[in-house]
Amino acid sequence: WVMDVARGTSTRLTFDPENDWNPIWSPDDRRVYFSSSRTGRSDVFAKSSSGTGKDEPVYGSPNPDYLWSVSADGATAWVATFPPKLGSDIVSVDLNTGAASVFLSTPFNETHPVPSPDGRWLAYSSNESGRNEVYVQSLLDDGGKWQISTDGGTRPAWTRGGRELIYQ
């Protein structure tokens, strides 16, 4: 559903009987990306924010795939994928081609990937320390990584200016 806050009206955006969740607006507000169980697992779809046209598959793999964020330039979707018996990994999906590449795959659970507004960092949560903590990793060639939270943390989000990171 899309809600017009000023008018107080809601308009249905998707009509598939399966669950659709985690909607994310494209930076230009022309599309809404979302996860859906309509394939029998979770895959990523897009729909015109005007409500016209069909829901379009964006990314799916044999694993359940959960959309978490879209880059500020609208070029990349960040997805947590859940391979069988391996925990979860982080995949980046090129929104122009649909090509995916694994960004982070370890024996631990990596979830909630969110790029910084300037595209230099990816914040995510991982249980590599024995509990969920928030980390940031460089999206540049150096691949530097830092643990941000110290007493547990999950679901990171960058502030609008990108100078601060908040998390649960």
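This report describes a four-stranded sheet, two loop residues and a surface patch in a predicted model.

Residues are numbered from 1 along each chain as its sequence is written. Because the model is predicted, local features need pLDDT of at least 70, side-chain atom pairs count only at pLDDT 80 or more, totals for chains, interfaces and linings use all residues, and side-chain values use heavy atoms, without hydrogens and water.

The open sheet has four strands in the order S3-S4-S5-S6, with antiparallel pairing. Strands (E, at least two residues) are DSSP runs numbered from the N terminus, and two strands pair if DSSP finds at least two bridges between them. At the edges lie strand S3 (20-25) and strand S6 (56-59), each of which pairs on one side only. On average, neighbouring strands of this sheet are turned by 35° against each other, direction ignored; the axes are lines fitted to C-alpha atoms. Strand S4 (residues 31-36) and strand S5 (residues 43-48) run antiparallel and are joined by six bridges. Serine 35 has valine 44 in S5 as its bridge partner.

Two loop residues are set out below by relative accessible area, where buried means under 20%, exposed over 50% and partly exposed in between (1.4 Å probe, protein chains only).

| Residue | Relative accessible area |
|---|---|
| Serine 88 | 0%, buried |
| Isoleucine 148 | 33%, partly exposed |

Serine 88 is in the loop between strand S8 (76-81) and strand S9 (89-94). Its contacts (heavy atoms within 4.5 Å) include Thr81, Phe108 and Thr111, not counting residues up to four places away in sequence.

Isoleucine 148 is in the loop between strand S14 (145-147) and strand S15 (157-158). Together, Trp146, Ile148 and Tyr167 make a nonpolar surface patch of about 280 Å². Patch residues have over 30% relative accessible area and no salt bridge, and nonpolar side chains (Val, Leu, Ile, Met, Phe, Trp, Tyr) are joined within 5 Å, like charges within 9 Å. A salt bridge is a side-chain nitrogen of Lys or Arg within 4 Å of a carboxyl oxygen of Asp or Glu. Accessible areas come from the Shrake-Rupley method with a 1.4 Å probe.

How values were computed: Axes fitted to C-alpha atoms, helices over the stretch in contact; angles between N-to-C directions.
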